[in-house]
Every structure is written in C-alpha cells, then in structure tokens.
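Biologist: I should be grateful for a close look at one part of this protein, namely how a single helix packs against its surroundings. Please explain each term as it arises, since I am new to the subject.

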Amino acid sequence: MTDQQHCDIAIVGAGAVGLAAALALAAAGRQVVLFGQAAAPRDGRTVALLDGSWRLLEALGLTEALDEVAAPLAVMRLVDDTGSLFRQPPVEFKAAELGLPAFGWNVENAVLVEGMAAKVAAEPRILMIPQAVTEITAGADGVLLAGDGFAPITARLVIGADGRKSRVREAAGITARDWSYPQVALTAILSHRREHQDASTEFHTRSGPCTLVPMSGRRSSLVWLLEPGEAERIAGLDDAAFARAVERQTHSILGALTLAGPRGRVPMGGLSVDRFADGRMALIGEAAHVFPPIGAQGLNLGLRDVAALRDAVAGAEDPGEDAALNAYDRSRQADVRLRTGAVDALNRTLLTDLLPADLMRGAGLLALSRIAPLRRLVMRQGLAGGTAAG
C-alpha cells in the first residue's frame, strides 16, 4: 500500500474474527489495514469450527495446516444431568445422518490464531499495524483512526472486531445491551484413558453445561460452567484433584483423566446490539454478540458475520456506502437474534429448577431423540450459515 493515510477498509481487532475478515476481504481483492496484536492466550480454550466455518477457512487456505491438529466432531451428545423429574435419555446428533463426515473440527484457539496470523503476514493486500486505535472520528466520506505509534489513517469502511467493549461500536453510536450470568467457565485440556471416538459430550447440569470436546489423540478440551464460588474452589485444586473433579462430573465417560495443558477461567455474560452497522462502521464477532459457550455457536457466528460482510460489500466501489452496510445489517438480524435467544433460553432453563422449565426442556430432548426428521432439521440449522464462496 503506497499511501498509508487512506485505505479502503480498516479492521480494528486482530483476534480470530478480525484476522478472518482481513483474509476474506483481501481474497476478494480489497486493500485492508488491520490494527492490533494477533495473539491468543494458551488457557485451554478450543473452538469447534462447524462445517460452514471450516469451508470458509479452507477457501482462505488455512485448513491444510490445521488438518494435523484438528479433531473431527462426528457425534454431538447431550446428557441431561440436572436431576430433573423429567430427565430424558441422552440425545445423539450424528453427522452421518446428514451425509457428512463430521459436523466440524475442534482446534486449540491459540493454534488457530497463530495460523491465521502467519497467513495475514504473507498477504500483500493486508497492512498490519500492531498498535491500538484510541481515537475514532466518523466523517461523511471516511472514518479517521488514530493512536500512538502510527500516522492517522482514514478508511472508507471500518470494521469493529474489537470485542465486547468495542471502541468502534461506541464511535458508531450503536446501542448494546449486555448482561451477566451467575456462572464462570473453567477451561482445560485433558488426556484420557478411553478413546473419545470423535464424540463431543455436553452434560446439562444445574450450574450450566459441562462439555468435553474431542481433540487429536486421546485428548479432549473442557468447558465447565459453574457458580462463581464453586468455580473458584475447583480452580484452586491442584492438577490431579482438578482432573478427578472433572472425571466425577462427567461420570468417567472417558475413563481416568489427567491435565494435558493449561487451564483458564472466563466469567459468563451476554451482549446484543440493535443494529450491526452504521456511519461507515460495521461490527463483527463479539463486538456484535456474546453468549455462553453452548452448541459451538460463538466463533462460528463471528465467521458467519465475516462471510456476510464480505458478500455485502462485494462489487461496491465504496465499501462503506449505506446500501452495502444496510445489506449487511439485514443479513445478520435474524441469524444472530435467533441463535443468541436460543442459547440464552437454554442456559437460563438449566439455572432454574422450576417444573415448567424442566418439563419444556425434557420434552424438547425427548422429541429430538425420537423424531429423526426434527433431529436432522435442528442439525441443519446448527450448521447453517457461513459459506466458502461469495
């Protein structure tokens, strides 16, 4: 890029969604400036990349390197472990029912970000500026971005991939509603005696889901939602005692467990916005939506944002024009609200012991276990979204 004072598109935030957006827009022929440090903590977190997300990353040339470290998700199992009077038998969703080898692939978050960052560094259409943007000023023809360590840049479109406390969202005047849950997620990577057989198991407990997701070899990643005090107690256990606690909670489904990587803690909350773009600024990822890690929807929803925004600006001479951003907003409204609402409702029904909520959840699980067409419909809806092609 010969003139660093002006650019077509600037992206604020270099996490997985921001990196994916830079690569997707560069692949579509756009010149992109990406602000931020591309790094992810090694805290035991993994991401289950569902089929549409995997195909998007494949189109960006990322999956060849991930093949060696990603584990397929061939089965997704739900187990009611709430102690409810209406407890139902486990429900299994099998990718084979849809004619797919897997619903998606699970990979460590830090490994994914490292692979994306390497691809970004090799892409001539992307200029990466590791400094943070501290000032954002909207104008009729562009948005001015400024901060320490770089010359101010004006972009015709600014994409906010800068997380829950997004500066871009604030500058665009987009209203956000955020909330918290009485939960903390414990994350870890564990090795185990039994084969996971490419099956993810999600135990629904009164404090929220406890999920084991397959990784390569005899390893699985853990996401365990707990009441904050109990989370603090269990997080304070030594590695051996922590592994025994996980084994008890998961009913030894994978046999004896041992820690095979770092652990982490993440407070749980949610966020939604009234619109996804305004004033030459668009929001993607956690700048636009946050919810608990249920059903592998978080990053996948962010990657669907990327695909939708890429498609909305395709062919537009001015990527920040109202028509393109209005198209993006329309494309995200129903998808994001449906999935945010569904995850929020499921999480809240787990946290209550009211009989009507238990009955409704139990009836839903029973229907999924008994009615194959309904089960396949739910699986297709879970996989719907981001595509590889424009």
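Modeller: The account below begins with the whole chain, turns to the helix and its partners, and ends with some loops.

This is a predicted model, in which local features need a pLDDT of at least 70 and side-chain atom pairs count only at pLDDT 80 or more, whereas totals for chains, interfaces and linings use all residues. Residues are numbered from 1 along each chain as its sequence is written, and side-chain values use heavy atoms, with hydrogens and water left out.

The protein has 11 helices and 19 strands; these are DSSP runs numbered from the N terminus, helices being H or I with at least four residues and strands being E with at least two. Of its 390 residues, 54% are buried. Here buried means under 20% relative accessible area, exposed means over 50%, and partly exposed lies in between, for a 1.4 Å probe and protein chains only. Among the contacts (heavy atoms within 4.5 Å) with a separation of 6 or more, 73% join residues 24 or more positions apart.

The part chosen is helix 1, and its setting is a nonpolar core. Such a core is a set of buried Ala, Val, Leu, Ile, Met, Phe, Trp, Tyr and Cys residues joined through side-chain atoms within 4.5 Å. The largest core holds 76 residues, of which Ile11 and Leu112 touch the most other members. Helix 1, residues 16–27, supplies the largest share of this core, with 10 residues. A second, separate core has 20 residues, including Ala231, Ala243, Leu254 and Leu259. In general, nonpolar side chains in soluble globular proteins tend to be buried together.

The first partner is helix 8, residues 298–313, whose axis lies 9 Å from that of helix 1 at an angle of about 25°. Helix 1 is therefore roughly parallel to helix 8. Axes are lines fitted to C-alpha atoms, for helices over the stretch in contact, and angles run from 0 to 180 degrees between N-to-C directions. Angles under 35 degrees count as roughly parallel, over 145 as roughly antiparallel, 65 to 115 as roughly perpendicular, and the rest as oblique. The crossing of helix 1 with helix 8 is right-handed: the near helix is turned clockwise from the far one by less than a right angle, whereas an anticlockwise turn would be left-handed. On the side of helix 1, the contact uses Ala16, Val17, Ala20, Ala21, Ala24 and Leu25, which meet Leu299, Gly302, Leu303, Val306, Arg310 and Val313 of helix 8. By class, the residues of this contact are 10 nonpolar, 1 polar and 1 charged. In this division Ala, Val, Leu, Ile, Met, Phe, Trp, Tyr, Cys and Pro are nonpolar, Asp, Glu, Lys and Arg are charged, and the others, Gly among them, are polar. As background, an α-helix has 3.6 residues a turn, so residues three or four places apart point the same way.

The second partner is helix 4, residues 109–121, which packs against helix 1 at an angle of about 30° with the axes 10 Å apart. Helix 1 and helix 4 are therefore roughly parallel to each other, and their crossing is left-handed. Ala16, Leu19, Ala20 and Leu23 of helix 1 make this contact with Leu112, Val113, Met116, Ala117, Lys119 and Val120 of helix 4. The contact comprises 9 nonpolar residues, no polar ones and 1 charged residue. Ala16 and Ala20 thus belong to the contact with helix 8 as well as to the contact with helix 4.

Leu112 deserves a further word. Neighbours within four places in sequence aside, Leu112 is in contact with Ala16, Val47, Leu49, Leu57, Leu66, Val107 and Leu299. One of these, Leu57, is listed among the buried residues of helix 2 (residues 51–59), together with Asp51, Gly52, Ser53, Trp54 and Leu56. Just after helix 2, Gly61 has a positive phi of about 80°.

Phi is also of interest in two loops. Most residues other than glycine have a negative phi. Gln197, however, has a positive phi near 55°, in the loop between strand 12 (176–192) and strand 13 (199–205), where Gln197 is exposed at 67% relative accessibility. Arg280 likewise has a positive phi, of about 65°, in the loop between strand 17 (277–278) and strand 18 (281–283); Arg280 is buried, at 10%.
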